[in-house]
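Here are a few friendly notes to read alongside the structure. Take them one at a time, and find each residue in the picture as you go.

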Amino acid sequence: MNATAAVILALAVGTYAFRLVGPVLHGRVELPPRVQELLSAGAVVLLVALLATGALTEGGGFAGWARPAGVLVGAVLAWRRAPFVVVVLGAAAVTAVLRSAGVA
(Lines give C-alpha, C1' and ligand atoms only; values in the text may rest on other atoms or scores of the structure.)
Protein backbone atom coordinates (compact mmCIF):
# COMPACT_ATOMS: atom_id res chain seq x y z
CA MET A 1 0.00 0.00 0.00
CA ASN A 2 1.46 3.37 -0.95
CA ALA A 3 1.36 6.52 1.18
CA THR A 4 -1.54 8.11 -0.71
CA ALA A 5 -3.77 5.10 -0.20
CA ALA A 6 -2.85 4.98 3.50
CA VAL A 7 -3.74 8.66 3.96
CA ILE A 8 -7.05 8.22 2.13
CA LEU A 9 -7.86 5.18 4.26
CA ALA A 10 -6.98 7.06 7.48
CA LEU A 11 -9.19 9.98 6.48
CA ALA A 12 -12.04 7.62 5.61
CA VAL A 13 -11.80 5.89 8.99
CA GLY A 14 -11.62 9.24 10.79
CA THR A 15 -14.64 10.56 8.92
CA TYR A 16 -16.64 7.44 9.72
CA ALA A 17 -15.60 7.67 13.38
CA PHE A 18 -16.82 11.28 13.59
CA ARG A 19 -20.14 10.29 12.04
CA LEU A 20 -20.47 7.36 14.45
CA VAL A 21 -19.75 9.37 17.61
CA GLY A 22 -23.02 11.34 17.45
CA PRO A 23 -25.45 8.42 17.57
CA VAL A 24 -23.27 6.43 19.99
CA LEU A 25 -22.99 9.24 22.55
CA HIS A 26 -26.48 10.66 22.03
CA GLY A 27 -27.98 9.66 25.37
CA ARG A 28 -24.76 9.49 27.38
CA VAL A 29 -23.40 13.03 27.23
CA GLU A 30 -25.44 15.99 28.49
CA LEU A 31 -24.18 19.44 27.57
CA PRO A 32 -25.11 22.38 29.78
CA PRO A 33 -27.51 24.89 28.22
CA ARG A 34 -24.79 27.58 28.11
CA VAL A 35 -22.50 25.29 26.08
CA GLN A 36 -25.36 24.51 23.69
CA GLU A 37 -25.98 28.26 23.22
CA LEU A 38 -22.28 28.88 22.57
CA LEU A 39 -22.13 26.04 20.03
CA SER A 40 -25.18 27.41 18.21
CA ALA A 41 -23.69 30.91 18.17
CA GLY A 42 -20.36 29.53 16.95
CA ALA A 43 -22.06 27.73 14.07
CA VAL A 44 -23.80 30.94 13.03
CA VAL A 45 -20.55 32.91 13.21
CA LEU A 46 -18.76 30.34 11.05
CA LEU A 47 -21.53 30.39 8.44
CA VAL A 48 -21.53 34.20 8.32
CA ALA A 49 -17.75 34.25 7.95
CA LEU A 50 -17.97 31.74 5.09
CA LEU A 51 -20.68 33.81 3.44
CA ALA A 52 -18.65 37.01 3.80
CA THR A 53 -15.46 35.56 2.37
CA GLY A 54 -17.31 33.94 -0.50
CA ALA A 55 -19.31 37.07 -1.29
CA LEU A 56 -16.65 39.72 -0.88
CA THR A 57 -13.38 38.18 -2.03
CA GLU A 58 -12.02 36.61 -5.19
CA GLY A 59 -8.39 35.69 -5.69
CA GLY A 60 -7.33 37.37 -2.45
CA GLY A 61 -8.89 40.72 -3.36
CA PHE A 62 -12.23 42.49 -3.40
CA ALA A 63 -14.73 40.78 -5.72
CA GLY A 64 -16.44 43.99 -6.83
CA TRP A 65 -19.90 45.32 -6.05
CA ALA A 66 -22.05 43.06 -8.23
CA ARG A 67 -21.49 39.87 -6.24
CA PRO A 68 -22.18 41.38 -2.77
CA ALA A 69 -25.31 43.05 -4.16
CA GLY A 70 -26.53 39.70 -5.48
CA VAL A 71 -25.80 38.02 -2.16
CA LEU A 72 -27.67 40.80 -0.34
CA VAL A 73 -30.70 40.34 -2.60
CA GLY A 74 -30.56 36.59 -2.03
CA ALA A 75 -30.33 37.08 1.74
CA VAL A 76 -33.33 39.42 1.74
CA LEU A 77 -35.36 36.99 -0.35
CA ALA A 78 -34.41 34.11 1.95
CA TRP A 79 -35.28 36.20 4.99
CA ARG A 80 -38.68 36.93 3.43
CA ARG A 81 -39.07 33.13 3.07
CA ALA A 82 -39.12 33.09 -0.72
CA PRO A 83 -38.78 29.67 -2.36
CA PHE A 84 -35.19 28.51 -2.86
CA VAL A 85 -35.41 28.75 -6.64
CA VAL A 86 -36.58 32.36 -6.38
CA VAL A 87 -33.71 33.18 -4.01
CA VAL A 88 -31.08 31.71 -6.33
CA LEU A 89 -32.55 33.21 -9.51
CA GLY A 90 -33.03 36.61 -7.87
CA ALA A 91 -29.46 36.76 -6.65
CA ALA A 92 -28.10 35.58 -9.99
CA ALA A 93 -30.28 38.04 -11.93
CA VAL A 94 -29.18 41.03 -9.86
CA THR A 95 -25.53 40.05 -10.20
CA ALA A 96 -25.88 39.52 -13.96
CA VAL A 97 -27.70 42.81 -14.53
CA LEU A 98 -25.12 44.75 -12.54
CA ARG A 99 -22.23 43.08 -14.38
CA SER A 100 -23.84 43.71 -17.76
CA ALA A 101 -24.28 47.36 -16.74
CA GLY A 102 -20.55 47.58 -16.14
CA VAL A 103 -20.49 47.31 -12.35
CA ALA A 104 -17.59 45.03 -11.50
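1. In which helix do Arg-34 and Glu-37 both lie, and how many residues apart are they? The answer is helix H2, which covers residues 33-56. The two positions are 3 residues apart, about one turn of the helix. Please keep in mind that this is a predicted model.

2. Now look at the side chains of these two residues. Arg-34 and Glu-37 form a salt bridge, and their closest N and O atoms are 3.8 Å apart. That qualifies because the cut-off for such a pair is 4 Å. In general, side chains of opposite charge can pair when their charged atoms come close.

3. How open are the two partners? Arg-34 counts as exposed, with a relative accessibility of 53%. Glu-37, at 48%, is partly exposed. The two labels differ because exposed means over 50%.

4. The structure holds 2 salt bridges, so there is another one to find. It joins the side chains of Arg-67 and Glu-58, with an N to O distance of 2.6 Å. Both partners are partly exposed: Arg-67 has a relative accessible area of 22%, and Glu-58 has one of 49%.

5. Finally, turn to the rings. The structure holds 1 aromatic pair. It is made by Phe-62 and Trp-65, whose ring centres are 5.1 Å apart. Their planes meet at 70°, so the pair is edge-to-face. Trp-65 is itself exposed, with a relative accessible area of 61%.

Terms used. Residues numbered from 1 in each chain as written. Predicted model: local features only at pLDDT ≥ 70, side-chain atom pairs only at ≥ 80, totals over all residues. Heavy atoms only, no water. Phe/Tyr/Trp six-rings, centres within 6.5 Å; stacked < 30°, edge-to-face > 60°. Buried < 20%, exposed > 50% of the residue type's maximum accessible area, 1.4 Å probe, protein only. Helix = DSSP H or I, 4+ residues; strand = E, 2+ residues; numbered from the N terminus.
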